[in-house]
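Visitor: Please pick one part of this structure and go through it closely. Explain the terms as they come up.

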Amino acid sequence: MDTPSDLSVPEFDRQQDRLTRTTGTMRTEPLTGTEPVTGPKRAAARGLLRRAAPALALFAGIRVLGLVVLAVWAGAEGRSPHQVLSARWDALWYTDIAAHGYHWAGYQATAHTRGAGVRSHLAFFPLLPWLERGLHEAVGLSYADAGLAVSAVASLVAALGIFAVGERIAGLGGGLPASPVTGRRVALVLVVLWAALPIGVLESMAYTEALFTALAAWSLWCVLRGNWITAGLLSALAGLTRPSAAAIIAAVWAGALLDLWRREAPLLRAVAGMLLAPAGLLAYAGWVGGIPAYFRIQNGWGNGFDFGAAYGRFVGHQLTTSPAAGVGLLVFVGLVLWALIACVRQRQPVATVVYAAVIVVLALGAQAYFNSKPRLLLPGFPLLLPLAAWLARIRTSRAAATLGVLTAVSAVYGAIWLLGPGPP
C-alpha cells in the first residue's frame, strides 16, 4: 500500500475516508454511499476546532500580550493605543471609504489626505471598508472599531486556517514522519510562529493583513482538499482585499492544473475554480478603469514593481552609508530566500510553494516603501513551515523557550514600531 507521502492529496483523502471517520476514529463499517453529507462535515469541523483549540488559545494569548505591552507603553507616553491601532496610516483611508465611498464632497481635504495630490482612495481595495460599513450599520460600531473587530475575528479565522493547512501538510509528510500527532504539533508551532512574528501586531490593527491571510489560508486548504469552487470563491474575495491576491490566484491555478494533469480533479469544477479565482481582482481593476489605470493609481503613491531593482539600490546605499543597517537588510533577504528554498526542499505541495514564492516576489520586487517589506511578507505563512517542523522535532522545553523569547520580542518590537515610525 502507498505511504501517505507517496500519495497526492486527493488520493490520500480517498484512502483516509475509507479507513477513518472524519473525526479520526476508526471506521467500523464500510462506506455505503448513503451517509449524510452534513453530519461528517460538522464532525470534521468540530474535530478541527478541538485539535486547534490549544493553538488558538496560544495565538490569542500572544496577541493579547502584545496589546497589553502596547497599551502600557502608549500610556507611559500619554498616547492612545486605540488611535494607534485603528486611526493611523492606511486605517484612515479604509474608514474614509467605509464612511463615504471612494469619492465625496471634500475628498482629499481631511487631515490625512490634505496635499495627497494624485494619491487616491482607489489604491485601497473595498472588502475591508464594506465589512466596516456593514458592522457600523448593523450594530452601531464606529468605523474604526468595526475595523478592529474585523481584524480580531479574521486573525482567529486565519490562525485556524493556518493550523488546518499546517496539520495537513505535516500529516502528509512535510519533512517529518507522517502521522496525526506530528501534524498537530507542527500546526500548533506554525500558528504560534505566525502570531509571534516581530510585526505580528499588524494582525490586531484595522488593516487588511489578517483578513487577507484568512482568505488565503482557507483557499489553500480547499486547494489541498480538491474543493476547487470554494477555493476559487475565497480567492475572488481575496482579490477584493489586496493586490497580493495574485499569490493565491497563482496557487489555485497551479494546484488545479497539476491535478488536471494527473487526472485527479473533476474537469468542470477545477476549471470553474480557476475562472473564479481572479474574478475579484479583475473586477476591481476593471471598475477603476482597467489594469493600466490601476497601475497609474499605484504610481501616484510611488508604488511600482521593478523586480527588486530599487530595493537593491536601497540596500547598496545602506551598505555604504550605514553598513550595519545594510548587512541587516542582506540578512533579512537571505533568511526570506532560505525559507522559500526550505519550503521546496520540504516537499510542500505545489500550491503552497507557488503561493509563498509569489508573496516573496511581490514583497521584494516592490519599488517603494522599503520598510514595508516585512508587512508584505506577513501573509506568507508557508515560509514558516520549515522552522515549525524543526521546532516540532526538538525537545519540548527548548521549543517552548524559543517560542517564548520570540513572543516577548514580538510584543516589545510591536510597541516600539507602532509608537515610532510604524507601517506605511
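Guide: Helix H10 and helix H16 cross in a right-handed way (clockwise turn of the near helix from the far one by less than a right angle; anticlockwise is left-handed). The model is predicted, so local features need pLDDT of at least 70 and side-chain atom pairs pLDDT 80 or more, while totals for chains, interfaces and linings use all residues. Residues are numbered from 1 along each chain, and side-chain values use heavy atoms, without hydrogens or water.

H10 covers residues 245-261 (helices are DSSP runs of H or I, at least four residues, numbered from the N terminus). Its axis and that of H16 come within 8 Å and cross at roughly 150° (axes are fitted to C-alpha atoms over the stretch in contact, with angles from 0 to 180 degrees between N-to-C directions). H10 is therefore roughly antiparallel to H16 (an angle over 145 degrees).

On the H10 side, the residues in contact are Ala246, Ala247, Ile248, Ala250, Ala251, Ala254 and Leu258 (heavy atoms within 4.5 Å). They meet Val350, Ala351, Val354, Tyr355, Val358, Ile359 and Leu362 of H16. By class, this contact has 14 nonpolar residues, no polar and no charged ones (nonpolar: Ala, Val, Leu, Ile, Met, Phe, Trp, Tyr, Cys and Pro; charged: Asp, Glu, Lys and Arg; polar: the others, Gly among them).

H16, residues 350-365, also gives two or more residues to the lining of the second largest pocket (on a 1 Å grid, an open set of points with protein on both sides within 12 Å along at least five of seven lines; lining residues have an atom within 4 Å of a point). About 1,200 Å³ of space lies in that pocket (the space filled by probe spheres set on the points, with a 1.4 Å probe). Its lining has 40 residues, and Pro243, Tyr294, Gln298, Asn303 and Leu376 lie nearest the centre. Besides H16, the elements giving two or more residues are H4 (90-100), H12 (279-287), H13 (291-300) and H17 (373-377). H13 supplies the largest share, 5 residues. The lining divides into 26 nonpolar, 10 polar and 4 charged residues.

For comparison, helices H8 (residues 209-225) and H9 (residues 228-238) have axes that come within 8 Å and cross at roughly 160°. H8 and H9 are therefore roughly antiparallel too, but their crossing is left-handed. Among the residues in contact are Phe212 and Trp218 of H8 and Trp228 and Leu234 of H9. This contact divides into 10 nonpolar, 3 polar and no charged residues.

Conventions. Angles under 35 degrees count as roughly parallel, over 145 as roughly antiparallel, 65 to 115 as roughly perpendicular and the rest as oblique.
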